[in-house]
Amino acid sequence: MSALFTGKNIVHFDRVSSTNTVLSEMLSNTTPLADGSVILADEQSQGRGQQGSFWEASPHKNITLSLLYRPEFLTIEKQFYLSIAVSLGISDFLDEQLQQKSQIK
């Protein structure tokens, strides 16, 4: 993983169907994206989750983003642990530093 900082490259949208879909499309169109890039949207209408689940996010009431990491130091089987660690870190920051109750989906 070559990212020294997450968010050095932020691609922001007002509204998308899904930040994950946008990221996938950008990568499949060979758009060069740096490791640690963030795809961020104020609103998404068809957010994608695990095992085919979907949800809508109201504008300015949810954090809707996708992060691009290429964790070459982790095997495929262990890469989900990185997602867990990042999610818990963001949740702890919101809860403890910003006094904002958070929930991970």
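Q: Which residues are exposed on the other side of H2, away from its buried ones?
A: This is a predicted model: local features need pLDDT of at least 70, side-chain atom pairs count only at pLDDT 80 or more, and totals for chains, interfaces and linings use all residues. Residues are numbered from 1 along each chain as its sequence is written, and side-chain values use heavy atoms, leaving out hydrogens and water. Exposed means over 50% relative accessible area, buried under 20%, and partly exposed in between (1.4 Å probe, protein chains only). On that side of H2, the exposed residues are Tyr81, Glu96 and Gln97.

Q: What arc do the buried residues of H2 cover around the axis?
A: Leu82, Ser91 and Leu94 are buried in H2. They sit on the same side of the helix, because their arc (taken over the directions from the helix axis to the C-beta atoms) is only 160 degrees.

Q: How far apart are the end C-alpha atoms of helix H2?
A: Helices (H or I, at least four residues) and strands (E, at least two) are DSSP runs, numbered from the N terminus. The expected span is 1.5 Å times one less than the number of residues. H2 covers residues 79-97, which is 19 residues, and should span 27 Å. The model agrees, with its end C-alpha atoms apart by 27 Å.

Q: Which helix supplies the largest share of the largest nonpolar core?
A: Such a core is a set of buried Ala, Val, Leu, Ile, Met, Phe, Trp, Tyr and Cys residues joined through side-chain atoms within 4.5 Å. The largest has 9 residues: Val11, Val16, Val22, Leu23, Met26, Leu33, Ile39, Ala41 and Leu68. Strand E1 (10-16), helix H1 (19-28) and strand E2 (38-48) each give at least two of them. The largest share, 3 residues, is from H1.

Q: Which residues does isoleucine 10 contact, leaving aside neighbours within four places in sequence?
A: Isoleucine 10 lies in strand E1. Contact means heavy atoms within 4.5 Å. With those neighbours left aside, isoleucine 10 touches Val38 and Leu40.

Q: Which residues does valine 11 touch, not counting those up to four places away in sequence?
A: Valine 11 is one of the residues of the largest nonpolar core. Beyond those sequence neighbours, valine 11 touches Met26, Val38, Ile39 and Leu40.

Q: How many residues apart in sequence are the parts tied together by arginine 15 and glutamate 43?
A: A salt bridge needs a side-chain nitrogen of Lys or Arg within 4 Å of a carboxyl oxygen of Asp or Glu. The whole structure holds 1, and arginine 15 and glutamate 43 form a salt bridge at 3.8 Å, N to O. Arginine 15 is partly exposed at 48% relative accessibility, and glutamate 43 is partly exposed at 21%. Arginine 15 is in strand E1 and glutamate 43 in strand E2, so the separation in sequence of the parts they tie together is 28 residues.

Q: Is serine 18 buried or exposed?
A: Serine 18 is in the loop between E1 and H1. Its side chain reaches the backbone nitrogen of asparagine 20 at 3.2 Å and the backbone nitrogen of threonine 21 at 3.2 Å. The relative accessible area of serine 18 is 1%, so the residue counts as buried.

Q: What phi does histidine 60 have?
A: Most residues other than glycine have a negative phi. Histidine 60 is in the loop between strand E3 (54-57) and strand E4 (64-67), and is exposed at 68% relative accessibility. Although not a glycine, histidine 60 has a positive phi of about 65 degrees.

Definitions and conventions
Polar contact = N/O pair within 3.5 Å; in protein donor to acceptor, adjacent residues only side chain to side chain.
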